[in-house]
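Colleague: I am new to this structure. Please take one part and look at it closely for me.

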Amino acid sequence: MTDDANSFELPIFPLRSSVLYPYALGPFSAGRRVSIAAIDAAVESEQKEIAVFAQRDIAVDVPSEEQLYRIGTKAVIRQMARSEETVELIMQGIERVRLQALEQQDPYLKGKLESLPMPEWEDTPEAEALKQELISLSKEYQSMGQMSMSFDIEAAALKIEDPMQLIYLLSMVPNLDAEKSQNILEADSSLEAMRLLHEYLSHELKVLQLRKEISNQVQGEMEKSQREHLLRQQMHAIQQELGEANPDEAEVNELRKRLGEAELPDLVRKEAERELSRMERLSSSSQDYQVIRNYLDLILELPWKKETEDQLDLVHARQVLDEDHYGLDKIKERILEQLAVLKLNPEAKAPILLFVGPPGVGKTSLGKSIARALGRSFERLSLGGLHDESELRGHRRTYIGAMPGRIIQAMRRAGVRNPVLMLDEVDKLGRDFRGDPASALLEVLDPAQNNEFRDNYLDLPFDLSKTFFILTANSLDTIPGPLLDRMEIIQLSGYSDEEKLEIARRYLVERQRKETGLKPEQFVLPEETLKAIIQKYTREAGVRTLERTLGRLARKVALQIAEGQPGPEKITPEMLPELLGPEPFHFEMARKELPPGVAAGLAWTATGGDVLYIEAIRLPKGDGLTLTGQLGDVMKESAQAARGWVLAHHELLGIEDTSGTVHVHVPAGAIPKDGPSAGVTMATALASVYSGNPVRSDTAMTGEITLTGLVLPVGGIKEKVLGARRAGIKRVILPKQNEKDLEELPEDIRSEMTFILAERVEEVLKAAMPVFEFTLE
């Protein structure tokens with residue numbers, strides 16, 4: 001059978017889920033045709049030798065060379081017994097071998113093999129320590145009664161002289177899978193084999209310990225439950241002997257009494273009595289008993305008919321709204337209108353309002369003020385990030401851990417059926433496989449349906465028609481159309497610097513002074529200091545950052561006073577860098593002179609309006625338009641439309657040369673920009689660079705354009721005008737159709753600024769570049 005000095009051929013016995021180690025003696029069973037044929041071939045030979053290899057895929061009956069591990073064990077068949085379908089045999093491993101090539105697959109596997117030397121023992125302190133640790137871990141594993149084979153480990157360790165034989169023997173103690181056993185067999189050194197075995201054995205011990213802990217815990221809980229049941233039965237017998245009432249009966253009687261006193265609709269009372277009758281027949285240790293008890297508690301705590309009486313004093317309501325908020329006249333007027341309606345018709349349905357505006361403009365606090373003005377209870381729940389429809393509608397009582405939805409829970413907390421219920425962040429609702437919460441809100445916010453709202457847990461009609469719903473959002477873009485259709489939308493725009501100044505003087509400074517414990521004379525902020533904070537240390541549409549900055553300032557002063565230093569008599573603008581650090585924000589200020597090709601546009605951002613300069617230059621070569629500055633698709637299309645209009649009307653504009661590439665750039669290149677409102681600014685900048693005429697430096701503009709030269713209306717007019725004013729620009733060109741939006745501006749701003757209303761691009765260019773010598777048709 002020997003082929004040459006280093007290689008030889010043997011029949012191969014493939015193992016599905018185990019490994020045979022050198023020196024190991026063990027029983028095996030063969031049932032596959034190729035396995036039985038390989039055993040027969042080995043038995044017919046003089047040495048009765050066979051090669052044993054583990055296969056990678058246990059589902060394969062006749063493995064290929066790639067499906068066998070490369071390293072296996074040469075073994076000798078010691079005994080064999082044959083039955084009708086299987087062969088039982090005992091084999092002993094001799095040495096490790098490597099499979100060089102699979103010579104045949106039929107009728108049995110035969111391979112060309114070479115012998116591998118056994119890993120040499122490294123006589124080092126680490127090797128000895130690892131060996132002793134493996135013996136200790138194996139004994140611990142053996143003590144837990146989970147061994148795949150049983151023998152005296154200590155005796156074996158003393159008897160076996162070859163350390164590798166001991167390592168292979170200990171590898172058979174835990175029931176390792178074939179891959180891990182193969183890793184140990186393939187180890188090239190004794191240290192590597194021991195490290196692998198130590199890792200695998202430690203893991204198996206941890207798993208066994210956890211299983212034992214879980215088993216003990218479950219057994220303890222079962223014993224506790226049985227003991228409690230026995231004690232409960234004994235207590236019941238003692239109470240009967242003493243003539244005392246059964247606690248279960250007392251609980252049912254208490255619920256029946258509460259049910260009789262509660263004001264419930266007939267349908268609800270009928271269902272509650274039915275559930276109480278079911279509960280009466282159950283044992284208190286039953287799981288359904290507690291489910292019914294929680295359900296009845298919810299029914300009894302919900303305000304089915306209880307409601308607060310509205311305070312319909314319009315003078316008082318106006319006073320409350322003015323005390324809590326500065327400005328917001330339209331919203332205050334809408335609340336007073338609702339009060340007037342309720343005064344004339346107490347049965348009128350409550351409105352469903354949606355406050356839309358940037359963060360920090362007072363949407364949530366406005367809801368609290370409305371509740372205070374009406375004399376109603378106020379409840380708030382956040383919808384931001386809500387994905388599960390059941391969070392709103394509740395879970396059916398058939399589920400373990402079922403709970404009512406957030407709407408019903410809010411009504412339970414409110415204690416009345418006509419609270420002011422605020423649903424925050426409706427624009428941030430999620431949607432996935434668990435349902436669509438926005439669709440669930442359709443029923444809640446529909447006045448024609450919400451008088452019989454059914455929560456999945458409650459499963460009874462609850463009247464929400466008296467509830468004053470207020471929703472808040474930062475944007476309308478993500479709110480579904482059908483949901484928007486059910487709400488009255490009220491826009492809250494950002495505050496002007498004057499409004500922020502007034503809000504700070506009336507509310508924020510005093511609130512922060514009280515929170516830090518300062519006396520009025522210890523925290524004095526003149527008007528010029530507040531203006532400096534607003535303009536240089538905050539950049540937002542609302543006042544949230546402003547309040548935090550004032551809080552930082554108050555804490556700085558409080559620290560000085562607490563350390564025994566005299567605080568400043570008043571905080572001047574010059575002290576701000578020392579107290580608050582460098583100015584973090586810089587608004588785009590108006591440029592004093594604009595070269596040809598530069599025009600000032602107005603942009604809307606979540607933190608208010610800002611001036612956005614658009615720059616254009618002509619390159620001597622090429623023919624086209626290059627756009628830079630992180631522009632979005634809409635803004636790019638606006639630039640292309642503007643260039644198309646300018647080139648089509650170059651004779652009217654007195655432009656003789658239109659050759660060369662035009663490069664348009666919008667500064668602050670790291671900030672993405674998009675939207676249609678830059679159309680007129682793009683057209684003005686392009687007309688300026690082609691004609692060589694500069695644009696007026698005191699003028700900014702906004703508006704969308706068409707290829708035919710129409711100027712279309714855009715949004716965010718108030719914020720944009722405030723941004724222009726903050727930058728020192730007093731002249732603004734707006735679309736004619738946005739004239740109505742000027743009414744939202746404070747009177748002082750309208751009087752100090754000049755507005756030019758344009759219907760066509762020609763009017764914009766005439767206002768922006770008076771040097772143009774063309775007549776408007």
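The salt bridges are the part to look at here.

Colleague: Which side chains meet in salt bridges, and how buried or exposed are Arg-256 and Glu-280?

Modeller: Keep in mind that this is a predicted model. A search of the whole structure finds 49 salt bridges. Side chains of opposite charge can pair when their charged atoms come close.

Start with Arg-256 and Glu-280. Their side chains form a salt bridge, at 3.2 Å from N to O. Arg-256 sits in helix H7 (residues 247–261) and Glu-280 in helix H8 (residues 266–280), so this pair ties together parts 24 residues apart in sequence. Arg-256 is partly exposed, at 36% relative accessibility. Glu-280 is also partly exposed, at 45%.

Next come Asp-446 and Arg-486. Their salt bridge is 3.3 Å, N to O. Asp-446 belongs to the loop between helix H15 (437–444) and strand S10 (453–454). Arg-486 belongs to the loop between helix H16 (481–484) and strand S13 (488–491). The pair therefore ties together parts that are 40 residues apart in sequence. Asp-446 has 13% relative accessibility, so Asp-446 counts as buried. Buried means under 20%. Arg-486, at 24%, counts as partly exposed.

Now take Lys-736 and Glu-739. Their side chains meet in a salt bridge of 3.5 Å, N to O. Lys-736 is partly exposed at 35% relative accessibility, and Glu-739 is partly exposed at 40%.

Some salt bridges share partners. These join Glu-271, Arg-274, Glu-275, Arg-278 and Arg-397 into one network.

Note on methods
Residues are numbered from 1 along each chain as its sequence is written. This is a predicted model: local features need pLDDT of at least 70, side-chain atom pairs count only at pLDDT 80 or more; totals for chains, interfaces and linings use all residues. Side-chain values use heavy atoms; hydrogens and water are left out. A salt bridge is a side-chain nitrogen of Lys or Arg within 4 Å of a carboxyl oxygen of Asp or Glu. Helices (H or I, at least four residues) and strands (E, at least two) are DSSP runs, numbered from the N terminus. Buried means under 20% relative accessible area, exposed over 50%, partly exposed in between (1.4 Å probe, protein chains only).
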